[in-house]
Amino acid sequence: MLLTKDELRSLVELTHQSPHTLLGMHPLGDQSGLVVRAMLPDAAKVKIQPTHEKDKPCFDLKRIPKTDVFEAVTKSVHKVYAYDLVITDKAGHTRRTRDAYSFLPTLGESDLFLFGKGDERKIYEKLGAQLRVIDGVPGASFAVWAPNAQRVSVVGDFNNWDGRFHPMRLLGVSGVWEIFIPGVGQGAHYKFEIRDAHGNIKLNTDPFGFFFEVAPKQAAIVWDTRKFKWNDAAWLKKRCERDALRSPMSIYEVHVGSWQKKTATESWSYRELAKPLVEYVKRLGFTHVEFLPVAEHAYYPSWGYQVTGFYAPTSRFGTPDDFQFLVNALHEAGIGVIVDWVPAHFPRDEWALAKFDGTALFEHEDPRKGAHQDWGTLIFNFGRNEVSNFLVANALFWCGRFHIDGLRVDAVASMLYLDYSRKEGQWVPNQFGGRENLEAIEFLRKFNHIAHSEFPGIV
């Protein structure tokens, strides 16, 4: 065994914050060969086979006694090469896959720098679950911001929901954990298993998840929101040329779940809603539809105003593609689409954003700043760069991926004033002694500037 006792213990106990430095293929320190390691809880036998270069060695890994770690050394080659793991499980079934620990990080230094600065406008293309093909290998990269976590693993229906299979690596001081898992495709269900700042194990859904199981289930679902074929180019061109502030608007507000339901207990799907809604809105002469919040929410009676999945249309009425179909149909009919957007607060569900890594990450630690008196929810820490980035990018995500024409920002008064619905002594003044929430005001200014810059014609 080449590992030290402490290194082996860190793998077995899942406490190593950069498992890629121990797992995978690495040159030996004296340049006399290579060492390969894999941690595979279900494996009985493990073999290395070269992926491309057939002249490279093929050899077996041996289990380190009383662990799930397999290791082998080869002296016949000195340079790392692409290889597959051929795994025979304890039931005798064999599978072949590229090693997740043989890939470089999918986020670069500039991505992490901009996120830490609060200026990565397309952070939703970097964090969360991203379908990719790397070195000819299809799979999904996973990345999550949890700076105070002791360990993060991806668990899902592709690894028996077992955190020992895919512990992630911490990328420097960014607080971002990352891994690329070969073979994971669209439709895979996943969560993050987090050993939080206090050592507690918790299962969290993905803050950047694009699609979720229908509530009360909570798993995120790997999904490509870029594959829909839009037919609204003419509408978008016209919108860009239109002066929204000087053009007539007549807005019809809709709650998807309760508009002209099929029965008392069954709602229309996004696709089923398209034709009757277009006909109704056209007949009454409205120029725009405004949907009550469509982002994923666990508590249905909140009407969508307590969001648990900011980057996903609720799965109650269909897939992200189905919601895109609805928006596209409205645009083809010359009808604009506005959505209620809720950056003011989020619910206390600890499987979602609250105390995400065991600390007040998205919210304020001080309840005088971080807790809503009226709604029992938590207030975003608008002054934290990564949180501001999460929300600004979210606005751009809805306008970009879903062609939304406008965002109606909910509960703005509660964002603007530190003493909103609070008595004397229940709030903390700003640095000048006033009641204005200067961080929220700056966030709203920044969000408006960037959104209008990126998508001329939106409101």
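Is cysteine 58 buried, partly exposed or exposed, at 42% relative accessibility? Cysteine 58 counts as partly exposed, because its 42% falls between the limits of 20% for buried and 50% for exposed. The model is a predicted one, and the values below are computed from it.

The cysteines lead to the matter of cross-links. Across the whole structure, a search finds zero disulfides. Cysteine 240 takes part in no disulfide, and the nearest cysteine sulfur, which belongs to cysteine 399, is 13 Å away. A disulfide needs two cysteine sulfur atoms within 2.5 Å, so this pair does not qualify. Cysteine 240 has a relative accessibility of 44% and therefore counts as partly exposed.

Aromatic contacts come next. A search of the whole structure finds 38 aromatic pairs. One of them joins phenylalanine 103 and phenylalanine 180, with 4.8 Å from centre to centre and 70° between the planes. The pair is edge-to-face, because that class takes planes over 60 degrees apart. The two residues belong to distant parts of the chain, 77 residues apart. Phenylalanine 103 is in the loop between strand E7 (94-98) and helix H2 (109-117), whereas phenylalanine 180 is in strand E12 (residues 176-182). Phenylalanine 103 counts as buried because its relative accessibility is 6%, and phenylalanine 180 counts as buried at 1%.

Phenylalanine 310 and phenylalanine 380 form another edge-to-face pair, at 5.5 Å centre to centre and with 75° between the planes. Phenylalanine 310 sits in strand E19 (residues 309-313), and phenylalanine 380 sits in the loop between strand E22 (378-379) and helix H7 (385-401), so the pair ties together parts that are 70 residues apart in sequence. Both phenylalanine 310 and phenylalanine 380 are buried.

A ring can also have a charged side chain over its face. Lysine 202 lies over the face of phenylalanine 356, at 5.9 Å from the ring centre.

The last stop is on the surface. Met249, Ile251 and Val459 make a nonpolar surface patch of about 210 Å². Methionine 249 is placed in the loop between helix H3 (233-241) and strand E16 (251-254). Its relative accessible area is 33%, so methionine 249 is partly exposed. Patch residues need over 30% relative accessible area, and methionine 249 therefore meets that cut-off.

Notes: Residues numbered from 1 in each chain as written. Predicted model: local features only at pLDDT ≥ 70, side-chain atom pairs only at ≥ 80, totals over all residues. Heavy atoms only, no water. Patch = residues over 30% accessible without salt bridge, like charges linked within 9 Å, V, L, I, M, F, W, Y side chains within 5 Å. Areas by Shrake-Rupley, 256 points an atom, 1.4 Å probe, with all protein chains shown as cover. Salt bridge = Lys/Arg side-chain N within 4 Å of Asp/Glu carboxyl O. Helix = DSSP H or I, 4+ residues; strand = E, 2+ residues; numbered from the N terminus. Buried < 20%, exposed > 50% of the residue type's maximum accessible area, 1.4 Å probe, protein only. Phe/Tyr/Trp six-rings, centres within 6.5 Å; stacked < 30°, edge-to-face > 60°. Lys NZ or Arg CZ within 6 Å of the ring centre and 35° of its normal.
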